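User: Could you take a close look at one part of this model for me? I'd like a connected walk through a single helix and then the sheet in the same chain.

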Amino acid sequence: MSSSLTLPADRTTERPRRLLLALGGALIVATYLFLVIVQPTEIAGGMGSAASLVSLFGFLGGGALLVGGILPMLTTSSLVIMPLGIALNIAIGQVAGSLGLQIYLDAIGTVLVAVLAGPAAGAATGALSNAVWGLFNPFALPFAAGAALIGLLAGLAAKHGAFRRVYLAPVAGLVVGAIGGLVAAPVAVFMFGAAGTFGTNAIIAVFRSMGDKLLVAATKQGLLSDSLDKIVVFVVVALIVYALPQRAVRQFPFARTHRVLGARSGQRAMTTAGAGSVR
Amino acid sequence: MPRRRILNPLTELLAAVLLVVLVLVVNRWEFSLAVLLLVVVPAVLTSGRVRQIGLAVLLIAGPLLLSSLLLHGLFFPEGRTVLLDLGPARVTREGLAFAAVMGLRMSVFTGVLLTAAMTLDVPELLATMTHRRWNRKLVFVVGSAVGLIPHVALRAQQITRAQQARGLVLGRGPVARVRALLTVTTPLVIGLLVDASERNRMLGARGFSSPGPRTSYLPDTDTPRQRAARRAMVVGVGLFSVLWLGSGVLA
Amino acid sequence: MIRVQSRSFAYDDGVPLLSGVTVTVEPGEYLVVAGSSGSGKTTLARLLAGAVGSDAGAVFRGSLTLDGETVHFEGGPADPRIDPAVWSASVAFVAQGAWGQLSMMSATVGEEIAFGPSNRGVPHERLRREVDDVAAALKLTELLDRDPRRLSGGQLQRTIIAAAVVQRPRVLVLDEPFQGLDAGAAADVAAAIDVLRAGGTGVVVCAPMLPRTAPEGARIIALDGGHAVFDGLLAEARWAGLRRYGIGTDGDAPRIGAARMRGAPTTAGRTLVTVDDVVVRYPSPGEPGGPGRGERRGRRRPPGPGRTPAVLDGVSLQVRAGEILAVRGSNGSGKTTLLQVLNGLRRPESGRVTVDGMPILRRPTGTLAGAVGYLFQDTDQQLFERTVLREVSYGPRAAGLRRVDALRRAADALEAVGLSAVADIHPYELAFVQRRLVALASLIAAGPSVWVLDEPTAGLDEPARTGLAALLVQHAQGGGAVVMATHDAAFSAAVAHRTLRLEAGLIQEDSPDPGS
């Protein structure tokens with residue numbers, strides 16, 4: 001049956017650009033390994049010009065390749081929530097940043113998109129979010145790859161059931177946050193000498209006063225702050241998505257097919273809606 | 001009023017990014033300072049938005065510079081030349097030098113990128129991206145996100161007021177804060193998602209998935225000359241970096 | 001040219017929202033689909049627009065026909081998918097809720113209108129011409145350079161219509177296009193629709209009530225509970241007894257027995273609200289709601305010297321227990337600001353406001369919820385709980401009531417607005433009218449003596465409008481007071497004891513309503 005009014009029956013969306021994805025992922029991993037293994041000695045003497053260049057290009061370039069590989073495979077329903085994830089990240093992150101908190105709260109939108117639309121959309125939202133934020137706050141720019149990683153991991157956690165129970169969300173947040181902290185630390189150190197808010201720098205100062213190297217101190221601080229931050233973010237997102245109407249969740253194939261929210265994933269029949277009116 | 005722009009936003013943005021790259025490549029405080037004084041300051045002064053940009057740079061870089069100075073000025077265990085011993089904290093010459101160099105680098109970084117971003121005409125940038133055949137999904141996500149940010153902030157404000165009218169009193173403790181955050185974010189997210197599902201249908205109806213190139217309502221302000229200039233700038237900075245870093249390694 | 005045949009339409013095999021309905025729309029026709037909330041008119045509108053909702057968990061069995069070509073649906077995964085880009089070239093659709101229909105990536109109205117054709121690769125010069133043509137037809141030419149996010153309701157609605165019809169479709173389907181618009185804006189939108197119709201475009205309008213006037217030959221289809229209960233001319237529809245299906249006529253007075261109505265307020269009633277010489281100014285130029293909105297490219301004008309103009313310029317009034325006060329006036333006359341002063345959402349520059357003898361100007365808004373209940377024009381900014389019952393019990397809980405007591409009061413309030421049956425449903429699963437009633441129930445549950453309502457009848461269907469009138473009268477008779485801003489002349493004439501006319505921040509007229 002063919003009709004000019006209908007779309008072709010085979011539901012192939014464009015295939016992901018696997019080469020771009022692999023290159024982007026490899027570039028990020030290589031950059032991270034290079035920074036951690038090769039450079040720690042250099043920081044003591046001065047600051048590595050190569051190290052900051054590598055972290056800028058490796059992480060930004062890797063993030064750009066990932067976005068380029070992911071975008072073609074996203075459906076329009078995933079695409080339309082990415083801007084709102086980005087806007088939420090920036091709006092809430094901006095407020096949290098101006099309060100000088102120890103936590104950032106700048107990933108609520110990323111995790112929300114990851115939970116509803118999956119790891120790929122989450123990763124792209126994270127990366128683009130920091131790119132767009134860079135227009136208002138350039139310091140967000142180099143952390144794009146880390147943000148993409150958070151989105152990716154949050155989506156994977158959601159796929160495997162981390163949002164089916166309230167108590168699982170903080171556990172997933174802890175793990176994702178720890179990984180995110182590990183990745184963000186070298187960027188902060190090599191780009192900006194680990195400058196952050198007063199809150200985060202106070203924590204680094206404590207470790208420094210105990211004689212830690214800057215990268216080590218920043219990594220420890222990243223582990224602490226990012227884990228705490230992501231625990232809060234994951235719990236907040238879990239509570240938000242539980243409060244969503246079925247109708248809103250139902251429009252996302254990822255959330256439906258993987259039963260991301262357990263019994264709340266939009267499969268229960270609506271029976272009584274539409275009933276009732278004013279006497 | 002915003003200044004009259006001469007170059008296409010893509011060209012200006014690329015120039016800013018390449019300048020940052022140069023600063024990182026050269027990595028000397030003299031060069032950073034020169035860029036700051038000879039490029040950033042004049043650019044800000046002629047931007048026509050001196051106050052806004054100055055304030056933004058101050059608000060964003062200021063706290064970072066100060067906390068960086070405190071961190072490295074007081075706690076720099078690698079420092080040898082102790083200027084002042086305060087028990088656990090020691091002021092060292094090396095720490096101060098490190099803070100100064102990093103501070104200079106951060107100032108250039110913020111100054112260059114913020115000046116470029118804050119004089120940027122986003123619609124013109126999106127139009128250029130469209131005319132240059134960039135991925136339309138990318139153009140949509142970036143454009144829509146930039147457009148949504150003020151909308152989200154305004155809506156959050158309205159929701160806060162609505163919730164206050166219903167008895168929400170903003171508390172001080174961390175639990176009360178998270179609760180307040182939820183009472184505001186939940187309707188915000190629901191409203192945005194409802195809009196998004198309608199937008200999903202709208203994009204389909206407006207032919208967003210149509211094959212073939214997109215066109216733009218706005219004229220193309222890009223010129224072949226600028227395109228050539230952009231390529232030349234990238235090649236130039238690339239070559240310079242290789243030579244500079246190469247000579248550094250050999251020396 | 002379009003035919004929708006719906007054997008059944010339901011979400012995830014729940015209660016059918018539209019069953020056994022067949023609707024045909026001919027070119028150049030004017031069709032009004034009338035029905036109360038939950039009658040299935042939105043579902044029908046979406047089907048006409050080719051949206052069968054299979055990607056959102058809807059199950060549609062039936063067929064869609066466009067220009068003799070029929071597509072069949074069996075409600076299974078093997079169903080064909082309509083190509084929305086092709087369908088919309090013939091049938092344009094304007095849904096409820098303006099924000100979701102903006103791309104949000106356009107800085108000007110012109111770009112927003114051009115969004116569809118530019119996606120299809122229409123060359124630049126032709127694109128400009130098409131946009132100019134449609135803008136001229138819909139009187140949008142002067143708005144082409146404005147930021148679409150900063151338009152008034154009527155302008156925004158016309159922009160969205162323009163964006164939908166720039167492709168020159170032969171039929172335009174509009175779902176409640178006048179919802180939330182004041183009389184002037186609604187007239188502008190109606191004029192725009194008339195222009196399109198005169199150009200030969202068929203028009204389908206879904207609305208909760210029958211229109212007061214309609215073009216010659218307008219056809220009405222009335223829906224109730226997912227079935228068509230009437231199909232014929234408007235003149236016939238007026239005498240077809242559609243009120244039993246909850247379908248009234250626009251601008252009619254709510255039908256509550258004249259004897260039960262109003263009943264002169266006991267003049268001895270104590271004063272509940274006093275507003276004394278209140279002055280409110282715009283926050284600052286460029287801020288939302290202030291002057292200077294909607295400038296080119298949305299850039300803000302630098303703040304000029306001197307003070308911003310006053311929204312309220314020395315307003316004084318009193319409201320007694322048992323009284324219903326209507327505040328009327330055009331858009332921008334300061335109505336909403338006056339209402340917000342009453343519960344502390346807006347802090348006046350000078351003047352005094354007391355509620356029940358208590359000065360409120362220094363108290364946080366949140367602590368006033370028990371004394372003054374406020375119904376926002378946009379309900380959806382308030383709802384955030386998982387079920388209607390929890391939603392309604394939020395107010396009493398926030399006021400410090402025990403859980404059990406709060407839930408009891410919530411249940412009582414839901415009973416009062418007739419929503420007991422949906423207490424366990426998510427508020428957003430309900431139709432617009434019911435969400436509005438949920439917000440009203442939340443207000444009632446908090447037990448305030450003063451109700452402040454912003455456009456309470458906007459978008460309501462006949463049963464809800466009548467029910468609201470009864471609730472207001474009952475509240476006043478019980479010793480409460482009501483202050484409402486409204487464009488609904490018939491409603492305020494039937495319910496209010498007194499009407500206040502506000503113009504440019506000043507009270508122009510304070511008159512008792514005839515017949516009270």
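Analyst: Let's start with α8(C), whose buried residues are C:Lys335, C:Thr336, C:Thr337, C:Leu338, C:Leu339, C:Gln340, C:Val341 and C:Leu342. Keep in mind that this is a predicted model. The helix spans residues 335-342 of chain C, and 8 of its 8 residues are buried, so the rest of the structure largely encloses it. Buried here means that 20 or more other C-beta atoms lie within 10 Å of the residue's own. After α8(C) comes C:Gly344, and its phi is positive, near 80°.

Now over to the sheet. Chain C has an open sheet of 6 strands with mixed pairing, and the order reads β6-β7-β8-β3-β9-β10. At the edges you'll find β6 (91-94) and β10 (227-233) of chain C; each has a single partner strand, so one side of each has no neighbour in the sheet. On average, neighbouring strands of this sheet are turned by 15° against each other, ignoring direction.

Zoom in on the β6 edge. The partner there is β7(C), residues 171-175, which runs parallel to β6(C) and is joined to it by 4 bridges. As general background, strands of a sheet pair through backbone hydrogen bonds, either parallel or antiparallel. Within this pair, C:Val91 sits opposite C:Val171 of β7(C). A helix also comes into play here: α5 of chain C, residues 153-165, lies across both β6 and β7 of that chain, and it runs at about 160° to β6(C).

Technical notes. Residues are numbered from 1 along each chain as its sequence is written. Chains are lettered from A and ligands numbered from 1 in the order in which they are written. This is a predicted model: local features need pLDDT of at least 70, side-chain atom pairs count only at pLDDT 80 or more; totals for chains, interfaces and linings use all residues. A residue is buried if 20 or more other C-beta atoms lie within 10 Å of its own, exposed if 12 or fewer, and partly exposed in between; C-beta atoms are placed from the backbone. Helices (H or I, at least four residues) and strands (E, at least two) are DSSP runs, numbered from the N terminus. Two strands pair if DSSP finds at least two bridges between them. Axes are lines fitted to C-alpha atoms, for helices over the stretch in contact, and angles run from 0 to 180 degrees between N-to-C directions. Two residues are in contact if their C-beta atoms, placed from the backbone, lie within 7 Å.
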